[in-house]
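Hi,

Here is the structure I promised to pass on. Have a look at it first, and then read my notes below.

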Amino acid sequence: MIAPQDEPAPGNIKVTRWDWINLALQTLISDGIESVRVLPLGQKLGVSRSSFYWYFESRQDLLDQLLAHWRDTNTKAIVERAQRPAESIIMGVMNVFECWADERLFDPRLDFAIREWARRSDDVRRAIDQADNDRLGAIRDMYRRHGYDEEDAFIRARVLYYMQIGYYVLDLKEPVEARVSHLAAYLRSFTGQEPSDTDVAHFMRFIAAR
């Protein structure tokens with residue numbers, strides 16, 4: 001999930017800070033936040049607790065790093081693509097669609113795990129609320145730049161974003177290829193405009209290149 005980028009702690013040659021974070025992320029996704037504990041993680045990595053405290057001040061420090069990673073990936077991807085210059089609102093929406101089509105940009109399993117965590121933590125609940133506001137705000141502003149009035153932009157952003165989050169919550173197993181077969185209809189629904197064959201071909205090239 002994250003490429004190693006730092007030196008391992010002395011005496012723990014095979015383990016880096018990123019190894020701890022990666023395993024913590026995998027554990028959060030598979031087993032929930034209560035399973036993200038220093039001793040079990042260290043046992044899985046085959047190192048002592050001293051390795052952990054070389055890289056992190058406390059378990060809370062590690063949890064803060066997990067939230068930071070989530071913000072810097074899932075939320076950043078949506079906001080960045082919504083803010084990209086686009087010739088039309090159809091192209092703008094397709095920029096955002098890239099997040100739904102490529103889990104390297106937006107990891108739905110991680111997003112769901114963070115939302116589950118928020119049920120147990122007021123601080124994480126506030127982080128979720130802020131992320132949702134940031135994502136929705138960026139999509140709303142994208143519509144506004146393309147001439148939609150304030151209320152229309154706000155509602156269209158909600159429809160686009162909440163539909164996708166609901167898609168993940170329902171855990172639908174529709175293959176990407178099946179979903180993009182309806183691309184033109186989705187674009188009509190989200191923009192009120194008719195996409196061209198060139199628009200559809202543009203996105204299909206992105207799918208093929210993933």
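How far apart do the end C-alpha atoms of residues 14–74 lie, and what share of the span is helix or strand? This is a predicted model, and in it those two atoms are 29 Å apart. Helix makes up 75% of the span and strand 0%. I picked that stretch since UniProt, in an unreviewed entry, lists residues 14–74 as "domain: HTH tetR-type".

Next, helix α6, which runs over residues 108–118. It's mostly covered, with eight of its eleven residues buried. Those are Pro-108, Leu-110, Asp-111, Ala-113, Ile-114, Arg-115, Trp-117 and Ala-118. What do they pack against? Their partners are α1 (17–31), α4 (59–83), α7 (122–145) and α8 (150–169). Also take a look at the start of α6: there, Asp-107 has a side-chain oxygen within 3.0 Å of the backbone nitrogen of Arg-109.

Then there's the matter of holes. Searching the whole structure for cavities of 30 Å³ or more turns up one, and the volume of the largest cavity is about 30 Å³. Its lining consists of Pro-108, Asp-111, Phe-112, Arg-115, Ile-165, Tyr-168 and Val-169. Two elements, α6 and α8, each give two or more residues to that lining. The largest share, four residues, comes from α6. Sorted by class, the lining has five nonpolar residues, two charged ones and no polar ones. Pro-108, Asp-111 and Arg-115 are worth finding on screen, as they are among the buried residues of α6 and also among those lining the cavity.

Cheers

Methods: Residues are numbered from 1 along each chain as its sequence is written. This is a predicted model: local features need pLDDT of at least 70, side-chain atom pairs count only at pLDDT 80 or more; totals for chains, interfaces and linings use all residues. Side-chain values use heavy atoms; hydrogens and water are left out. UniProt positions are given in the numbering used here, feature names are shortened, and annotations may be inferred rather than shown by experiment. Buried means under 20% relative accessible area, exposed over 50%, partly exposed in between (1.4 Å probe, protein chains only). Contact means heavy atoms within 4.5 Å. A polar contact is a pair of N or O atoms within 3.5 Å; within protein, one must be able to donate a hydrogen and the other to accept it, and residues adjacent in sequence count only if both atoms are side-chain atoms. On a 1 Å grid over the protein atoms alone, a cavity is a set of points where a 1.4 Å probe fits but cannot get out, and a pocket is an open set with protein on both sides within 12 Å along at least five of seven lines; lining residues have an atom within 4 Å of a point. Grid points are joined across faces, edges and corners, and a volume is the space filled by probe spheres set on the points. Ala, Val, Leu, Ile, Met, Phe, Trp, Tyr, Cys and Pro count as nonpolar, Asp, Glu, Lys and Arg as charged, and the others, Gly among them, as polar.
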